[in-house]
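Please open your viewer and keep the sequence panel beside it, since each stop on this tour asks you to select something and then look around it.

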Amino acid sequence: MSIVTPKRRLAKRQYGLADDPSRIVIFAHADDLAYTPPMGKGIPIVPRVLIFVLSAAASVFAQANPDWTEPFPPFHIAGNLYYVGSKGLANYLVATPRGNILINSDLEANVQMIEASIEKLGFKFKDTKILLISHAHWDHDAGSATIKELTSATYMVMDADVPVVESGGKTDFEYGNSPTSLYRPVKVDRVLHDGDEVRLGSAVLVAHLTPGHTKGCTTWTMEVTERGKTYNVVILGSPNVNAGYKLVDNTAYPQIAEDYERMWGVLKSLPCDIFLGAHGNYFGLEEKYPLMKKGGVNAFVDPSGYKKYIAQKEHDFRTELARQKLAAK
């Protein structure tokens, strides 16, 4: 029988160390490795060297995204909806008397930050009953295995993203061969489909398939009531065409352009009062939060901002698609 010391428990929580110290699951993402504590003497030299090499290779990426692991004050958005994410990676808590729903797990290094934010708001992290994600990229789901272990939450993922989640990112069409994009594989408890509802207590969230950024990219909608008024909330999955994405002749994702087209149609059809998303910069988190702190009008009620953002992202997509089609001739 192995004895788990507090230090080893933290290492297991953050870095996936098994009870067998000779077995290491390496999370080779820059932001995970930036928080790596000194490794114990019992870890073999070869994995230590791999960690060092991967850490060095990923450090540039970490420096390019420091806001991903930068704490941000948790706060009440409206109704039973709360923000519990970092400055750059957005997480949301939906509170109910029967337990809570958490949207996005983010980096493995962010799990303790998410836990602290939830507790600071007066809720219990262990009361997380359901875990959802916006899409199967490491910056939004690498911490899912740890959160499941700590809370026993039921993990629900859109069908087309399930293979990626359960492979630890290895089957992702763009990043599957990138060591810095992999994470601990985790079993999905409920496979979601377009239009499915996730219910807990009186909370009802609807999963909208908005593919393109990933095959199962999911935009979440729900209604919240604040001061007697009901608001339509949209938590945008991702409308981005990442650098390196092939929109033309993509053998790994042949229908990628058609899926983006489907996404624009869905996003433009959704009624939106409160505009949120998987990254804070989608909806102006840093600009709106100080305004909300001053009181008065809720700055996150921004239907025009939502429409403007979607229009700009659709324009960016069409520009890139035209460029790639021209280059392919």
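In this predicted model, begin with the largest nonpolar core, which has 88 residues, and select Tyr92 and Leu276, the residues with the most contacts inside it. Now add helix α8 to the selection, because α8 gives the most to this core, with seven residues. As background for this stop, nonpolar side chains tend to be buried together in soluble globular proteins.

Stay with Leu276 and ask which residues it is in contact with, leaving aside its neighbours within four places in sequence. They are Ile77, Leu81, Tyr92, Val233, Val234, Ile235, Leu236, Phe283 and Phe300, so that Tyr92, one of the two residues with the most contacts inside the core, appears here as a contact of Leu276.

Next, select the strands from β1 to β7, which form an open sheet of seven strands in the order β1-β2-β3-β4-β5-β6-β7, with mixed pairing. At its edges you will find β1 (75-78) and β7 (190-192), each of which pairs on one side only. If you follow the sheet across, neighbouring strands are turned by 25° against each other on average, when direction is ignored.

Within this sheet, zoom in on strand β4 (residues 99-103) and strand β5 (residues 128-132), which run parallel and are joined by four bridges. Select Ile103 and then look across to β5, where Leu132 is its bridge partner. Helix α6 packs on the sheet and touches β4, β5 and β6 (154-158), and the direction of α6 makes about 165° with that of β5.

Now turn to helix α6 itself, residues 144-151, and pick out Lys148, which has its place there. Is Lys148 buried or exposed? Lys148 has a relative accessible area of 17%, and because buried means under 20%, Lys148 counts as buried. Beyond its neighbours within four places in sequence, Lys148 is in contact with Ala153, Tyr155, Val186, Lys187 and Asp189.

The following stop is a set of antiparallel strands. Select strand β9 (residues 203-209) and strand β10 (residues 218-226), which run antiparallel and are joined by five bridges, and note that Val206 has Thr221 in β10 as its bridge partner. Then add strand β11 (residues 229-236), which runs antiparallel to β10 and is joined to it by seven bridges; here Glu223 stands opposite Asn232 in β11.

The hairpin of β10 and β11 has two residues between the strands, and in it Arg227 takes a positive phi near 55°. Most residues other than glycine have a negative phi, which is a reason to pause at this point. Arg227 is not a glycine, and with a relative accessible area of 79% it is exposed.

For a second case, select Asp249, found in the loop between β11 and α8 (256-269). Asp249 also is not a glycine, yet has a positive phi of about 55°, and at 60% relative accessibility Asp249 counts as exposed.

Finish with the cysteines Cys217 and Cys272. Cys217 counts as buried, at 0% relative accessibility, and Cys272 is buried as well, with a relative accessible area of 10%. How many disulfides does a search of the whole structure find? The search finds zero disulfides, a disulfide being a covalent bond between the sulfur atoms of two cysteines.

Notes:
Residues numbered from 1 in each chain as written. Predicted model: local features only at pLDDT ≥ 70, side-chain atom pairs only at ≥ 80, totals over all residues. Heavy atoms only, no water. Disulfide = S-S within 2.5 Å. Buried < 20%, exposed > 50% of the residue type's maximum accessible area, 1.4 Å probe, protein only. Pairing = 2+ DSSP bridges. Contact = heavy atoms within 4.5 Å. Axes fitted to C-alpha atoms, helices over the stretch in contact; angles between N-to-C directions. Core = buried A, V, L, I, M, F, W, Y, C linked by side-chain atoms within 4.5 Å.
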